[in-house]
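Dear colleague,

I am handing over the structure that you will be looking at, together with some notes on it. Please open it first and keep it beside you while you read.

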Amino acid sequence: MLDADDMQNMQKEQRASAQYYRKMLESLTSAVIAVDAAGVIQVANPAACAQLHRSRAQLSPGMHLNEIEGGEAFWTVVEELRATRHSVSRREITISTPDGPRILGMTASLLEEGDDFAGVAFVFTDLTRIQALKRAAAVNRQLAQIGALTAGVVHEFRNPLSVISGMGELLMRHVEARADLYAKAEAIVEEAGQLERLVGQFLSFAKPFELSVERCAPEEILERAMRLCERPAAEKEVALQSRFEGEVAVFRADYEKASRALANIIRNAIDVLKTPGGAVTVVGRAVGEAVVFRVEDTGPGLDLAEGEDLFEPFFSKKEGGTGLGLSIVHRIVTAHGGSIQYGNRDEAGAWFEVSLPCNPSQDAPIQD
């Protein structure tokens, strides 16, 4: 039988042991959350709060998973383990956070008391950046293949195209008095011009390029992108709105390419609006060491099948689209060391969000 001193020493050891494990848990760089059988949080370490973009108060013991934005994905795994009694390893899930969707790599282990299901311990890490880099690498590999196969052909295609365009313009001058013939010659010139633009896209897409990084103001990039889209917006009677929030002390980017990439996204948003009266809103803001541009429209939203990726070369949901515009945008953004995400708004429409670091680490030619 233990005496009072033995009991006191045992309690001290238990407290010391609990404190040791608590410090060890808090020092882990991997995120850890443990919940009971009902899905109520028992433990959440600082890494979990950071990766889910929550404060300690927003991810505290006693909260149910369904009370947390993005927690329903964890709750689904709890229900699965309750039914199967099998842990899961290296599973990827996508959750919602205040800063947008995040991709997590997760391991979930059963907590049991005898034969009873007692809860689940989650260990996870944020893979969003890694997945973005993998996608950029895949796109660059495709660019290299496309460049090798098509760049030479497209370049040679330009010569006869120039002849066709020139002869068409010559015909227009000779048949000005014949309205029927003039319209046909004009159609030749217009179609040749469309092919010339397509050829230009192919060449821009296939060949390596350098970023000309310079010190500039993100507000200027936003303003120029809006100017480039004023005409198509006016033609479709679309309301264009923009604003920039916050201040950036130092921002470096390729002003020309960054402006055109943002303008391409805005132009796509304008194009998807089917009827006059729609709106496109662009908001720029400073977020830590990055500048984020968010484009929202009031269109039909994105309808993508599983596995479809808007940044995949030659993939397009737009009638008459080449599927190269957003691939080029993705290439420009990732060349800056940035990222681009998209999704559907809670209301009607879609959103795109471009994040550019204030001081891009990559200012050399893109390596295919």
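Below I describe the chain as a whole, then its two sheets, and then some helices and single residues.

A word on the source comes first: this is a predicted model, in which local features need pLDDT of at least 70 and side-chain atom pairs count only at pLDDT 80 or more, while totals for chains, interfaces and linings use all residues. Residues are numbered from 1 along each chain as its sequence is written, and side-chain values use heavy atoms, with hydrogens and water left out.

**The chain**

The chain has eight helices and 12 strands, where helices (H or I, at least four residues) and strands (E, at least two) are DSSP runs numbered from the N terminus. Of the 368 residues in the chain, 40% are buried, a word that means under 20% relative accessible area, with exposed being over 50% and partly exposed in between (1.4 Å probe, protein chains only). Among the contacts in the chain with a separation of 6 or more, 62% are between residues 24 or more positions apart; contact here means heavy atoms within 4.5 Å.

**The antiparallel sheet**

One open sheet has five strands in the order 2-1-5-4-3, with antiparallel pairing, and two strands are said to pair if DSSP finds at least two bridges between them. Strand 2 (41-44) and strand 3 (88-97) stand at its edges with a single partner strand each, so one side of each is left without a neighbour in the sheet. On average, neighbouring strands of this sheet are turned by 30° against each other, direction ignored; axes are lines fitted to C-alpha atoms, for helices over the stretch in contact, and angles run from 0 to 180 degrees between N-to-C directions.

Within this sheet, strand 1 (residues 31-36) pairs with strand 5 (residues 116-126) in the antiparallel sense over six bridges, and alanine 34 has alanine 121 in strand 5 as its bridge partner. Helix 3 (residues 71-84) packs on the sheet and touches strand 1, strand 3, strand 4 (100-113) and strand 5, its direction making about 150° with that of strand 3.

**The mixed sheet**

Another open sheet of five strands has the order 7-9-10-12-11, with mixed pairing. Here strand 7 and strand 11 (339-344) are at the edges with a single partner strand each, so one side of each is left without a neighbour in the sheet. Neighbouring strands of this sheet are turned by 15° against each other on average, direction ignored.

Strand 7 (residues 239-245) and strand 9 (residues 279-287) run parallel and are joined by seven bridges, with glutamate 245 standing opposite arginine 285 in strand 9. Strand 9 is also joined by eight bridges to strand 10 (residues 290-297), and these two run antiparallel. They form a hairpin with two residues between them, and glycine 288 in the turn has a positive phi of about 60°. Phenylalanine 293 in strand 10 stands opposite glycine 284, and it also stands opposite valine 354 in strand 12.

**Helix 6 and helix 7**

The axes of helix 6 (residues 218-235) and helix 7 (residues 255-272) come within 8 Å and cross at roughly 40°. The two helices are therefore oblique to each other, since angles under 35 degrees count as roughly parallel, over 145 as roughly antiparallel, 65 to 115 as roughly perpendicular and the rest as oblique.

Arginine 224 lies in helix 6 and is buried, with a relative accessible area of 15%. Not counting residues up to four places away in sequence, arginine 224 touches Tyr255, Glu256, Ser259 and Arg260.

In the loop between helix 6 and strand 7 you will find valine 238, which is buried with a relative accessible area of 9%. Leaving aside neighbours within four places in sequence, valine 238 is in contact with Ala233, Ile270, Leu273, Gly278, Ala279 and Val280.

**Helix 8**

In helix 8 (residues 325-335), 10 of the 11 residues are buried, so this helix is largely enclosed by the rest of the structure. Among those buried residues are His330 and Arg331. After helix 8 comes glycine 337, whose phi is positive, near 85°.

With best wishes
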